[in-house]
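User: Hey, can you walk me through this one? I'd like the layout first, then the packing and the charges.

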Amino acid sequence: MPLNLLAKLAGISRQAIWKACLRGNWRGHVLEVRVIQGKGGNAGNQYLVGLNSLPPELQLRLRPIQTQVQNPSKQIATRGRHGRADKGKKRVVISRQWDALVPFDVLTKTKIAEDLKQEIRGLLAAGAAWDTSRSWPATSW
């Protein structure tokens, strides 16, 4: 187990775990420490601690992690934030207020929204300035 993960689980600093690895014991337990060449600090040495040499209370904290490692599909399913199911899809046609007030069906609302979008594109292409106080181009109509 890498020292940074062990330190996080134990609730102490990485330096405290590193010193315990150098001593070879921690809280009365003899640690099985393996040093391997890697990248990073301490001349590239990386310290790994054997799970069976840890105190029993830490081994209990590690069981959920070991289960996730043994079953990667669960690990992936529980990792991080999930994306939205409707990602990339429009949630409103024109605006929430407009959608709520207009009594048309979804297809009619969508057609009106497309026509409005094309009208705005045409106005902008013709040189109309965008009015920042509103959500549409400034025109004289």
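Analyst: Sure, a definition up front: helices (H or I, at least four residues) and strands (E, at least two) are DSSP runs, numbered from the N terminus. The model is predicted, so local features need pLDDT of at least 70 and side-chain atom pairs count only at pLDDT 80 or more, while totals for chains, interfaces and linings use all residues. Residues are numbered from 1 along each chain as its sequence is written, and side-chain values use heavy atoms, with hydrogens and water left out.

User: Fine. How many helices and strands are there in the protein chain?

Analyst: The protein chain has six helices and four strands. Read from the N terminus, the order is α-α-β-β-β-β-α-α-α-α.

User: And what share of the residues is buried?

Analyst: 20% of the 141 residues count as buried. Buried means under 20% relative accessible area, exposed means over 50%, and partly exposed is in between (1.4 Å probe, protein chains only). The accessible surface of the chain is about 10900 Å², and carbon and sulfur atoms account for 55% of that. Those areas come from the Shrake-Rupley method with a 1.4 Å probe; for residues, only the protein chains shown count as cover.

User: OK, packing. Which residues touch the most other members of the largest nonpolar core?

Analyst: Leu6, Ile17, Trp26, Val49, Leu54 and Leu58 do, out of 16 residues in that core. α1 (3–10), α2 (14–23), β4 (45–49) and α3 (56–70) each supply at least two of its residues, and the largest share, five residues, comes from α1. A nonpolar core here is a set of buried Ala, Val, Leu, Ile, Met, Phe, Trp, Tyr and Cys residues joined through side-chain atoms within 4.5 Å.

User: Why would those side chains group together like that?

Analyst: In soluble globular proteins, nonpolar side chains tend to be buried together.

User: Take the tryptophan. What does Trp26 touch?

Analyst: Beyond residues up to four places away in sequence, Trp26 touches Ala10, Ile12, Ile17, Ala20, Leu31, Pro55 and Leu58. Contact means heavy atoms within 4.5 Å.

User: Ile17 is on that list. Is isoleucine 17 buried or exposed?

Analyst: Isoleucine 17 counts as buried because its relative accessible area is 2%. Isoleucine 17 sits in helix α2 and touches Leu3, Leu6, Ala7, Ile12 and Trp26, again leaving out residues up to four places away in sequence. From isoleucine 17 to asparagine 4 the C-alpha distance is 8.5 Å, with their positions 13 residues apart in sequence.

User: What about asparagine 25, where is that found?

Analyst: Asparagine 25 is in strand β1 (residues 25–26). At 35% relative accessibility, asparagine 25 is partly exposed. Setting aside neighbours within four places in sequence, asparagine 25 contacts Ala20, Val30 and Leu31. Asparagine 25 and leucine 54 are 29 residues apart in sequence, yet 9.3 Å apart C-alpha to C-alpha.

User: Switching to charges. How many salt bridges does the structure hold?

Analyst: Two. A salt bridge is a side-chain nitrogen of Lys or Arg within 4 Å of a carboxyl oxygen of Asp or Glu. One joins aspartate 115 and lysine 111, with the closest N and O atoms 2.9 Å apart. Both of these residues lie in helix α6 (residues 106–125), four residues apart, about one turn of the helix. The other pairs lysine 117 with glutamate 114 at 3.5 Å, N to O.

User: Why are lysine 117 and glutamate 114 about one helical turn apart?

Analyst: Because they are three residues apart in helix α6. Lysine 117 is partly exposed at 29% relative accessible area, and glutamate 114 is partly exposed at 37%.

User: Which side chain of opposite charge is nearest to lysine 109?

Analyst: Aspartate 99, 4.8 Å away; lysine 109 is buried yet has no salt bridge. For charge, Lys and Arg count as positive and Asp and Glu as negative; His and the chain ends are not counted. Lysine 109 lies in helix α6 and, leaving aside neighbours within four places in sequence, is in contact with Val93, Trp98, Asp99, Val102 and Phe104.
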